[in-house]
Each structure stands twice: as C-alpha cells, then as structure tokens.
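Here is a short report on one protein model. Keep the structure open as you read.

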Amino acid sequence: MTAKPPLDILLCAPRGFCAGVVRAIDAVEKALALHGAPVFVRHEIVHNKYVVESLKRKGAVFVAELSEVPDASRPVIFSAHGVPKSVPAEAQARQFFAIDATCPLVTKVHREAEVHHKRGRHILLVGHAGHPEVIGTMGQLPEGAITLIETLEDVARLTPPEGRDLAYVTQTTLSVDDTREIVQGLQARFPALIAPHKEDICYATTNRQEAVKRVAPLVDGLIVVGSPNSSNSQRLREVAERAGCPVSRLVLRTNEIDWSLFGDIRRLGITAGASAPEVLVEEIIDAFAERYEVTVETVSTADESVFFPLPRELREPTPNAAE
C-alpha cells in the first residue's frame, strides 16, 4: 500500500456559526418545538443550503414571500438578514404570528439609518445590490432616502442631494479592507460625512477575516466552507487570495472539492463562513484524511463569547407550562 503524503491542516479560529446565526436557527427549532410543524420562514433563515435542508426535514417551510403562506395561524419567521418594513406591516395586516429573527447587529444598522433620516441626513449604504440585508436596510426608509455604494467608481460619480448632511452605514458582512477603501474615498470627497458610532461590519465577519489573514500566507491552499450565496463566506475567499494564498476555494460539501488543485499541497488552511456548521468542516477534514496523513492545528486570533437571546415570542412560557 502506498503511503499517504503528509498534510498539515491549519484550522482558522474563530470560524463557523456566529451568535446571530445561532439565534436564527434556534428560533426556527424553538418555534417547531413550541408550535409543531409547519413553521414558515420567509427566505433562507441563513445562507447555507445544508442548514436550510436540515430545517426543512424538521418541518420548516421556506417561502419567497408572505403571499405563499396558506395558514395565518402558523408561525412565520423573518430571516437573520432583516426585512424591509413592508414585510412586518403585511404580516400584521394579515394577522400572522410573526417572529423576527433579524440579527441584532443588522437591526443596529436599521436603527442608525432611521436616526440619520429623522435628523435630515441623506444616507449612503456601503453594500452589495440584491443582498437580502441591503434590501432590508434600504426598505427601512422611503425610496430615495438611501443611496447604495458598491465600488470606488460609485463614490467618484456620486451626486448627493444638495444642502443635505451625509451619513453612511454598511452591510455587516463585507470585506473589512474593501469597505475601508470605499469609506476613505467617501470621506475624501465629503469631509463632513458622519460615521457610525461603532463599526457596522459585525464582530464575527471581522474576526473570521483576521484569522484568514493570519493563516493564508502560511499555506499552499485554503478552503472556505460555506454556500456561494453567503456574502461573508465569499469575502473570506477573497481575503485569502489577497493575503497571498495560491489556491482559495469556497465549497459547501466534499463533492465540490476540485482535487486537481490540491494534489501537491503540504499545508492547507480551512475556515468556515458564519452560517456554516462545524459538521461540514469535519467532513472536509475527513475527506483530506482519506488522501493524506493529516495533522490538525488550530490558529486562533480571537475569543468569541457573544450571545443573543431568542426573539421575545419564543422566550415566553407556553400556555400549558404550569400544568
């Protein structure tokens, strides 16, 4: 039998689930435990196909819009990415039992935007068009109150409303470095630009990117475990490339690994996006262990102890709790 070649795996830490994702998944599972199936969820609760399919098997039904919910008596949960104000308004009008699982850090951005609007400021949102979080944030205010900024080119051609103070907020899952460049461009053009009191990019996004920056220059290749529609996972892959990693790939399951890219590697980095469960990381490690003599080392750059309680509707005791 041919001996397997050696492979050192450097596991990035922190990686995987953040507090907002844990809260959102727990919200669906708690609603199922309290109210039984089905529980309806508007859009993917988090951007991870494995998680979504797992919740489907437990009785969650995912819908694109509230109009697809056939039974107003069943719980309807809003995803961690947040929703426009029109969505809870529709839920209330139809007398749905709605549960908002929006990440509290996304809600923070919504509140910032509302405060700026009340104070007469025009808001610049740094983010990616079409992402559910961006749609939700822009939907907090009347049309035209927020201008989306995606690139430095957008900064250069921006023509804001005359006579209005400007403030900016950002999507929580962006590349820290990309966002810094765009914000610096905005500040150079508009020196009086009002910044958030505290960074909008969430702690989990920042921590996971910092861990990748530490590991990427040390390895021959790096795998980000996550779904292609996960913004924070895509940013991790980009961060690895910029940090000098020769091969950086985003995969959800082992069947997506292009083994031709990893044939001669001796050191591999692995991380996971904030919506990717640890079981998928273990699956990837096992797949490499079948082909290599693997040693695993964890490279940690931060400790995370953030916890968000469940939505209030799911913390209340059930009617028969005292029986």
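The text below covers the hollow spaces, two helices and three single residues.

## Cavity and pockets

This is a predicted model. The count of cavities of 30 Å³ or more comes to 1. The table sets this cavity beside two pockets.

| Space | Volume | Lining by class |
|---|---|---|
| Largest cavity | about 270 Å³ | 10 nonpolar, 11 polar and 1 charged residues |
| Largest pocket | about 250 Å³ | 5 nonpolar, 4 polar and 4 charged residues |
| Second largest pocket | about 200 Å³ | 5 nonpolar, 3 polar and 4 charged residues |

Start with the cavity, at about 270 Å³. Its lining has 22 residues, and C18, V21, H81, T173 and N232 are the closest to its centre. Three elements give two or more residues to this lining: α1 (19-35), α4 (104-118) and α9 (231-242). By class, the cavity lining holds 11 polar residues, 10 nonpolar and 1 charged.

Next comes the largest pocket. Its lining consists of 13 residues. Nearest the centre lie P88, D100, H110, R111 and Q140. Both β5 (97-100) and α4 supply at least two residues of this lining. The largest share is that of α4, with 4 residues. Charged residues number 4 in this pocket's lining.

Which helix gives the largest share of the lining of the second largest pocket? Helix α7 (residues 176-189) does, with 5 residues. The full lining is Y168, V176, T179, R180, V183, Q184, P196, K198, E199, D200, I201 and T206. By class it divides into 5 nonpolar, 3 polar and 4 charged residues.

## Three buried residues

D200 is one of the residues that line the second largest pocket. It sits in the loop between α7 and α8 (203-215). Is D200 buried or exposed? D200 counts as buried, because its relative accessibility is 3% and the cut-off for buried is under 20%. Setting aside residues up to four places away in sequence, D200 touches K108, V109, E112, V169, T170 and T172. D200 and R119 stand 81 residues apart in sequence, and their C-alpha atoms are 19 Å apart in space.

H116 belongs to helix α4. Its relative accessibility is 7%, so H116 counts as buried. Beyond its neighbours within four places in sequence, H116 is in contact with R121, I123, A167, V169 and I194. V169 thus appears among the contacts of H116 and among those of D200.

C103 is in the loop between β5 and α4. Its relative accessible area is 10%, so C103 is buried. What does C103 contact, leaving aside its neighbours within four places in sequence? The partners are G20, A80 and F308. From C103 to P217 the separation is 114 residues in sequence and 32 Å in space, C-alpha to C-alpha.

## Helices α8 and α10

Helix α8 has 13 residues, which should span 18 Å at 1.5 Å a residue. Its end C-alpha atoms are 19 Å apart, which agrees. The buried residues of α8 are A204, T205, N207, R208, Q209, A211, V212 and V215. Their cover includes β1, α7, β9, α9, β11 and β12.

Helix α10 (residues 278-289) has 12 residues. From first C-alpha to last, α10 reaches 17 Å, close to the 16 Å expected. Which residues of α10 are buried? They are L280, V281, I284, I285, A287 and F288. Seen down the axis of α10, these buried residues fall within an arc of 160°, so they line one face of the helix. The spacing rule behind such a face is general: an α-helix has 3.6 residues a turn, so residues three or four places apart point the same way.

The buried residues of α10 pack against several strands and one helix: β1 (6-13), β9 (221-225), β10 (248-251), β11 (267-272), β12 (293-300) and α2 (49-58). Of these, β1, β9, β11 and β12 are also named in the cover over the buried residues of α8.

Conventions:
Residues numbered from 1 in each chain as written. Predicted model: local features only at pLDDT ≥ 70, side-chain atom pairs only at ≥ 80, totals over all residues. Heavy atoms only, no water. Expected span 1.5 Å × (residues − 1). Buried < 20%, exposed > 50% of the residue type's maximum accessible area, 1.4 Å probe, protein only. Arc of directions from axis to C-beta. Contact = heavy atoms within 4.5 Å. 1 Å grid on protein atoms, 1.4 Å probe; cavity = no way out; pocket = protein on both sides within 12 Å on 5 of 7 lines; lining within 4 Å. Points joined across faces, edges and corners; volume = space filled by probe spheres on them. Nonpolar A, V, L, I, M, F, W, Y, C, P; charged D, E, K, R; others polar.
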